[in-house]
Structure formats: C-alpha cells, structure tokens
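Thanks for making time. I have one structure to go through, and I will stay with a few of its elements. Please have the sequence and the model open.

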Amino acid sequence: MTDKGVVTLDQIKGFLKINEAIHFASSSRKEKYEWINTVLNKFDYVRLKGKKDKGLIKKYVHKITGISYRQLKRLISKKKKVGVVSLSQNWGQKNRFVSVYGPAEILLLVETDNLHGRLNAHATKQIMIAEYVLFGDVRFKRLKDISVSHIYNLRVKRVYTSHSITFTTTNPVSTPIGVRKRPNNMGIPGYLRVDTVHQGDRKMALGKYEKGVYHLNLVDEVTQWEMVFCVETISELHLKPIFEQLQQMFPFVVINFHSDNGSENINYMVADILGRLVINQTKSRSCHCNDNALVESKNGSVVRKHMGYSHIPKIHAQDINEFYQQFFNPYLNFHRPCGFATTTIDSKGKERKKYDNYLTPYAKLKTMDNWTQYLAPGRTQKELDELSISHSHNGWAKLMQEAKSRLFRNIKFKDQSKVVAGV
C-alpha cells in the first residue's frame with residue numbers, strides 16, 4: 001500500500017470526508033504493520049500534542065487497514081516502547097504441549113481395550129498400572145501415569161480408531177408403519193381413535209401370573225360412536241377378525257385409524273388390513289399425550305365403569321364379547337348421551353371448551369348437514385331409526401344391566417366350578 005500523496009493532516013481530513021462509504025483491505029498482515037509504522041513515522045505520531053490530531057490519524061489508519069481501535073492502541077504502545085511496529089518473531093507459531101503419549105502408547109491402549117472389550121477409563125487405567133507394577137511390563141511405564149480423562153482423548157485419535165475393535169450402540173427401533181401425527185377430522189365422521197384395556201392379572205402358584213381378557217375400544221372422534229370388543233389376547237389370532245370388519249361395524253365410512261404406539265396396533269398385519277380397506281393409519285406423537293385422549297377417557301368412563309378393574313380370566317372373552325355386541329354397543333350409540341364441547345376464544349386468544357351439549361352418538365350424527373351422505377354402503381336412515389326407537393333410553397339400559405348381571409353371575413359360577421374341580 002502506498003499513500004505518498006498524503007503528507008498533511010488536512011489531506012487526511014479531506015480523504016476521510018470523501019471516502020466515507022469506501023472500505024479497503026490489505027494483502028497481508030506484514031504489509032499492514034509496515035504501512036502503519038510508516039504512517040506513524042511520517043506524521044511523528046509520538047510527538048503530537050493534541051488528541052484531535054492523534055484521533056484523526058487513528059481514524060485514517062482504521063479506515064485504510066480495517067484494524068480495530070483496540071488493536072491499534074496496542075500497536076501504538078509497542079511503537080512507543082520499541083520504536084517500530086512489526087510482527088513478532090514467533091507470530092503464527094502455536095504453543096504446543098510436549099507429546100507424552102505417542103503412537104506406541106496409543107497402540108498399547110488399543111491392545112488393552114481390544115482384549116477387555118473397551119472398559120471405562122477408570123478400569124482401563126487400573127489394568128495398565130497393574131501391568132507395570134505387578135507384572136513388570138515396562139511398555140506401560142508412561143501409561144501407568146495417564147489421567148482418566150486423557151484416555152478418552154487418545155481413543156479418538158486416528159491411530160486408535162484405525163486399529164481398535166469398534167463397538168456400536170443399539171439403534172432405537174423405528175417402525176415404518178403409520179404416520180406420526182394428529183389426524184384432522186375436518187368435522188366429518190370416520191376418524192377412529194383406538195386403544196386396548198387390559199382386565200388385570202391374577203397371581204398363581206410359583207410366582208406366575210394369569211393374564212386377563214383385553215377390551216378393544218374404538219371411538220369416532222366427531223360423533224363419539226363407540227364399538228367395544230373383548231378378546232383373549234391382543235395377538236393377530238384374535239384381533240385380525242375384528243379389524244377386517246371395520247367398514248361393516250360403523251354406520252359411516254371409516255377414513256382414518258389412529259392409535260398409540262403399542263405393537264397390538266402398529267404391526268404389519270394391521271397395516272395390511274387397513275391398506276386393503278383403504279383406511280389411513282396414524283399414530284400418536286412423542287410427548288403429545290392428548291393425541292389419543294378421547295379414547296383414553298372412554299376407557300375409564302365406559303369400559304372401566306361397567307367392567308371394573310378386577311381380573312377376568314381369558315375363557316370368558318367370548319361371553320363378554322357377545323354381551324358387547326348384543327346389548328352394550330347399541331346402548332352406547334343409541335341410548336347413552338355424550339358431552340360435546342362448544343369452543344370459544346377468550347380475549348387472550350386462548351380456546352375455551354364448555355361441554356354444554358349432550359347427545360347420543362346417533363343424535364349427533366343426525367345434526368350434521370346432509371348427514372346421510374356419510375353413511376356406509378348398505379346402511380340406511382330407516383334401519384338406524386328403527387334401532388334407535390325400538391326401546392326407550394331407560395328401557396334399553398335396563399336390558400343392558402340385566403344382561404350384564406347375568407354375565408357376571410355366569411363368570412362367577414364358572415370360576416367357582418373351576419375351583420371345586422381343582423383346575
């Protein structure tokens with residue numbers, strides 16, 4: 001860089017005014033420092049008395065070189081002390097620690113780790129101390145004094161990784177079945193929430209446990225139309241016949257099947273059936289417990305309320321399922337009112353839900369505009385109306401309660417007979 005034409009402070013002042021929006025860059029730090037030294041000598045910066053003139057030169061140097069005012073202050077101090085602005089002799093050379101553990105020590109660490117399966121650093125250090133102190137292996141003279149933390153530093157070196165036996169952690173299983181999202185029902189029926197309820201275990205002899213029956217609960221998100229089934233196990237053998245009848249068990253077309261991430265619903269058997277029935281499959285998201293909240297609440301307010309928490313042996317699954325299909329499911333959908341929320345937004349923009357509308361699922365379905373368009377093929381309004389008015393709400397509830405009492409008496413009788421027979 002050359003500025004031979006700039007020899008007075010007035011020229012510097014004029015230069016700064018004209019070139020306010022122009023920025024410069026030097027080619028190297030050495031050249032930059034040599035030019036700064038020249039400028040300070042030219043204007044005899046050390047002997048200048050006024051701060052205004054010194055500030056003008058600093059601004060000029062900063063404009064040309066781009067160097068910070070703090071660094072410039074250090075360079076000027078060096079100029080006053082040494083008499084010249086220049087790079088130090090050791091500039092560009094990094095301070096380095098003396099290498100204590102070279103390739104030979106790293107290979108010894110590799111050998112030890114490969115033999116012992118790469119123990120933690122504390123255990124590895126004790127082994128290397130014992131190799132030198134107890135067994136007299138002089139190769140471990142340096143490694144016996146290594147710090148625990150530095151063992152981990154050596155384990156990432158290229159010499160180590162190229163000779164060591166690598167260990168990989170177990171990758172989490174990610175099942176590519178279903179889309180992990182909360183489905184958008186768009187205000188139309190056919191979006192099911194699915195979950196299972198276990199009827200408890202019973203402790204047997206020798207510390208073994210007998211599994212109870214399982215309840216499969218399917219609830220429509222918009223109308224709360226609910227279908228409950230009872231199976232012996234949540235295996236393919238017992239769940240497959242139910243899932244294959246999904247489109248026939250609801251009065252409307254099933255569009256979406258949403259469940260949690262349990263293996264009873266997230267598996268290739270269910271995915272294959274839903275694919276053949278043209279039903280989308282979604283699953284709950286991590287850390288979003290409300291994704292399947294509707295059916296979870298029904299598990300408590302419907303299934304647990306009527307079936308309780310006590311253990312029911314698997315042999316009664318068929319009897320319970322017949323009760324569900326003949327009495328319980330018609331009661332839930334035609335005679336048991338459900339709460340539907342009215343959503344409002346307050347002054348802070350927060351949604352408020354008030355459950356002030358109580359209808360049966362069938363009555364809710366009929367409140368929808370042109371609701372018959374959602375009916376599944378083969379289902380008619382006349383058929384559904386006849387089912388809904390065949391008995392009053394109290395009348396069907398009485399039939400359901402009587403059937404439930406018979407069911408539990410039968411369960412109790414079979415269990416007592418089993419005990420008497422010594423089974």
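I start with strand β2, which is mostly covered: 7 of its 8 residues are buried. Keep in mind throughout that this is a predicted model.

Where does β2 sit in its sheet? The sheet is open and has 6 strands, in the order β1-β8-β7-β2-β5-β6, with mixed pairing. At the edges are β1, residues 179–180, and β6, residues 226–231, each of which pairs on one side only.

Now the two neighbours of β2. On one side, β2, residues 191–198, runs parallel to β7, residues 256–259, and 4 bridges join the two. Within that pairing, Y191 has N256 of β7 as its bridge partner, and R193 stands opposite H258, also in β7. On the other side, β2 and β5 run antiparallel and are joined by 7 bridges. There, L192 stands opposite D220 of β5. As background, side chains in a regular strand alternate between the two faces of the sheet.

Next, the helix that lies over part of this sheet. Helix α13 lies across β5, residues 214–220, and β6, and runs at about 175 degrees to β6.

Does the length of α13 agree or disagree with its residue count? The helix covers residues 317–334, which is 18 residues, and at 1.5 Å a residue it should span 26 Å. The end C-alpha atoms of α13 are 24 Å apart, so the two values agree. The helix does have a kink, of about 50 degrees, centred on Y324.

Which residues of α13 are buried? They are A317, I320, F323, Y324, F327, F328, N329, Y331, L332, N333 and F334. Y324, where the kink is centred, is thus listed among the buried residues. For reading such a list, recall that an α-helix has 3.6 residues a turn, so residues three or four places apart point the same way.

One last pair involves Y331, another of the buried residues of α13. Y331 and G395 are 64 residues apart in sequence, while their C-alpha atoms are 9.9 Å apart in space. G395 belongs to helix α16, residues 393–420. Is G395 buried, partly exposed or exposed? Its relative accessibility is 24%, and the buried class ends at under 20% while exposed means over 50%, so G395 counts as partly exposed.

That is what I have; I can take questions now.

How values were computed: Residues are numbered from 1 along each chain as its sequence is written. This is a predicted model: local features need pLDDT of at least 70, side-chain atom pairs count only at pLDDT 80 or more; totals for chains, interfaces and linings use all residues. Side-chain values use heavy atoms; hydrogens and water are left out. Helices (H or I, at least four residues) and strands (E, at least two) are DSSP runs, numbered from the N terminus. The expected span of a helix is 1.5 Å times one less than its number of residues. The bend at a residue is the angle between axes fitted to the seven residues ending there and the seven starting there. Buried means under 20% relative accessible area, exposed over 50%, partly exposed in between (1.4 Å probe, protein chains only). Two strands pair if DSSP finds at least two bridges between them. Contact means heavy atoms within 4.5 Å. Axes are lines fitted to C-alpha atoms, for helices over the stretch in contact, and angles run from 0 to 180 degrees between N-to-C directions.
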